[in-house]
Amino acid sequence: MRVVAFGVPILMYRLGAIAPRDLMRYEKAGVEPPSLHSATFAPDAETCLPVGVRTLVAAGRELLEAR
């Protein structure tokens, strides 16, 4: 989502970071997974970081090329 706040363009970027096996475990237990700012939040960094880097770089390049 692209938003302009106070005349400054910003980009809100969301990336799923919890492994599917962990999501299923939370679902079976009937509880919500920990939120981003929770002390128990444990992203699957090995999987989400490479995807996050590639997609964020691609988004940035697309925005820069549009200028």
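Which side chain does aspartate 44 join through a polar contact of 2.9 Å? That's a good thread to pull on here, but let's get our bearings on the whole chain before following it. Keep in mind that what you're looking at is a predicted model.

Walk along the sequence and you'll meet the pattern β-β-α-α, so to speak the full cast of two strands and two helices. Now zoom out to the overall dimensions. The C-alpha trace spans about 45 × 25 × 20 Å along its principal axes. The radius of gyration comes to 16 Å, whereas a compact globule of 67 residues would sit near 11 Å. Burial is worth a look too: 12% of the 67 residues count as buried. About 6,000 Å² is exposed, and carbon and sulfur atoms supply 62% of that. As for how the chain meets itself, take the contacts with a separation of 6 or more: 47% of them link residues 24 or more positions apart.

Back to aspartate 44. You'll find it in the loop between helix H1 (20–29) and helix H2 (45–65). The answer to the opening question is threonine 47, whose side chain makes that 2.9 Å polar contact with the side chain of aspartate 44. Setting aside neighbours within four places in sequence, aspartate 44 is in contact with Ala17, Ala19 and Arg21.

Is aspartate 44 buried or exposed? Buried, and yet it has no salt bridge. The nearest side chain of opposite charge belongs to arginine 21, 4.4 Å away, while the salt-bridge cut-off is 4 Å, which means this pair doesn't count as one.

Technical notes:
Residues numbered from 1 in each chain as written. Predicted model: local features only at pLDDT ≥ 70, side-chain atom pairs only at ≥ 80, totals over all residues. Heavy atoms only, no water. Helix = DSSP H or I, 4+ residues; strand = E, 2+ residues; numbered from the N terminus. Buried < 20%, exposed > 50% of the residue type's maximum accessible area, 1.4 Å probe, protein only. Lys, Arg positive; Asp, Glu negative; His and termini not counted. Polar contact = N/O pair within 3.5 Å; in protein donor to acceptor, adjacent residues only side chain to side chain. Contact = heavy atoms within 4.5 Å. Rg over C-alpha atoms; globule rule 2.2 N^0.38 Å. Areas by Shrake-Rupley, 256 points an atom, 1.4 Å probe, with all protein chains shown as cover.
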